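These are my notebook entries from one sitting with a single model, set down in the order in which I looked things up.

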Amino acid sequence: MKKLRVLVIRHEACSTVGLLAPQLKTVEVHYLDAPAGCELVEPISNYSHIVILGGAISAYEYDRYAFLRQEFKLLEDAIAQRIPIVGICLGSQILAQILGAKVDRGQAGREVGWCDVELLEAAKTDLLLQDFPSRFKVFQSHQDTFEIPPNCVHLASSTKYPNQAFCYQNHVWAIQFHLEMDDRALASCAPVIETELRDSQIRDTTLPQLLAEAKQNSEAIAPLTDRFMQQFLQLNSAVYLNT
């Protein structure tokens, strides 16, 4: 029987799908490690869905990182073919860049730790976020931010950075926060997080503190992430499985 095929694009060797894993167990998952120079050797149309994970680089550094330009082209093709896409953190910024929005270093400094995110009115009818509470706590670690691209729906905000999520034509979702993060996923990228804290000169937040908070908070976000992914994987499924 044909299975859904999900392409997961990674920008850090340590990145894991974390809380996305339960739903991804039901599909065929392929990983593309973009910074390692890995390239897709088959048409993007062979995939039913795409998940873009985070990373420490910036979406606007495409002149510095050639793989970003290749990734942009791959995702432009996927968007044109209406393949459902979710971009997380750096993934969200990459999608904003591709869709014509400004992405740059935020003036409010690094947003890090378990932060409150508030859904906007449009999220109440969004295909993936409609089951979320109006306010929830989720992991963040970013200093770059994006504007909402043209023809996109603004879905979520936080006190520090108001542009936290948007949707494009009901098949592309950009999410600044980390729905996938639990204590194990966070621990796997501990060196990256510690470097970000040090480079941002943040001294009142430590990795042990973040890990302890992850154990407390991921239990609440896990069922929301699970439902989010369940609904995401339903998009395009009938079309893909019958081709």
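The entries below go from strands to a helix, then to a pocket and a cavity, and end with one loop residue.

**Entry 1: the model.** I note at the outset that this is a predicted model, and I read every value below as computed from it.

**Entry 2: strand β3 and its partners.** I began with β3, residues 49-52, and asked which way its side chains point. His-49 and Val-51 are directed to one side of the strand, while Ile-50 and Ile-52 are directed to the other, and I found all of them buried. I then looked up the pairing: β1, residues 5-10, runs parallel to β3 and is joined to it over four bridges, with Val-6 standing opposite His-49. The strand β4, residues 85-88, also pairs with β3 in the parallel sense, here over three bridges, and in this pairing Ile-52 has Gly-87 of β4 as its bridge partner. Following the chain from β3 through helix α2, residues 66-80, to β4, I recorded a β-α-β unit that is right-handed.

**Entry 3: helix α5.** I next asked which residues of α5, residues 190-199, are buried. They are Ala-190, Ile-193, Glu-196 and Leu-197. These residues lie on the same side of α5 because the arc they cover around the axis is only 130°. The general rule I had in mind is that an α-helix has 3.6 residues a turn, so residues three or four places apart point the same way. On the other side of α5 I found Pro-191, Arg-198 and Asp-199 exposed. Looking for what covers the buried residues of α5, I listed several elements, including β6 (111-119), β7 (135-142), α4 (183-188) and α6 (207-234). After α5 comes Gln-201, for which I noted a positive phi, near 55°.

**Entry 4: the largest pocket.** I turned to open space and found that the largest pocket has a volume of about 240 Å³. It is lined by 17 residues, of which Ala-56, Ile-57, Arg-105, Arg-110 and Glu-196 are the closest to its centre. The elements that contribute two or more residues to this lining are α3 (90-98), β7 and α5, and the largest share, three residues, comes from α5. I also marked that Glu-196, listed above as a buried residue of α5, returns here among the residues closest to the pocket centre.

**Entry 5: the cavity.** How many cavities of 30 Å³ or more are there? I counted one, and the space in the largest cavity comes to about 210 Å³. Its lining is made by 19 residues, and Ser-15, Gly-55, His-178, Met-181 and Cys-189 are the closest to its centre. At least two lining residues each are supplied by β7, α4 and α5, and the largest share of this lining, three residues, is again that of α5.

**Entry 6: Asn-46.** My last look-up was Asn-46, which sits in the loop between β2 (28-33) and β3. Is Asn-46 buried or partly exposed? Its relative accessible area is 28%, so I entered Asn-46 as partly exposed, given that buried means under 20% and exposed over 50%. Setting aside neighbours within four places in sequence, I found Asn-46 in contact with Arg-5 and Tyr-240. Asn-46 and Tyr-240 are 194 residues apart in sequence, yet their C-alpha atoms are 8.8 Å apart in space.

Terms used: Residues numbered from 1 in each chain as written. Predicted model: local features only at pLDDT ≥ 70, side-chain atom pairs only at ≥ 80, totals over all residues. Heavy atoms only, no water. Buried < 20%, exposed > 50% of the residue type's maximum accessible area, 1.4 Å probe, protein only. Pairing = 2+ DSSP bridges. Right-handed = clockwise from strand over helix to strand, strands pointing away. Arc of directions from axis to C-beta. Contact = heavy atoms within 4.5 Å. 1 Å grid on protein atoms, 1.4 Å probe; cavity = no way out; pocket = protein on both sides within 12 Å on 5 of 7 lines; lining within 4 Å. Points joined across faces, edges and corners; volume = space filled by probe spheres on them.
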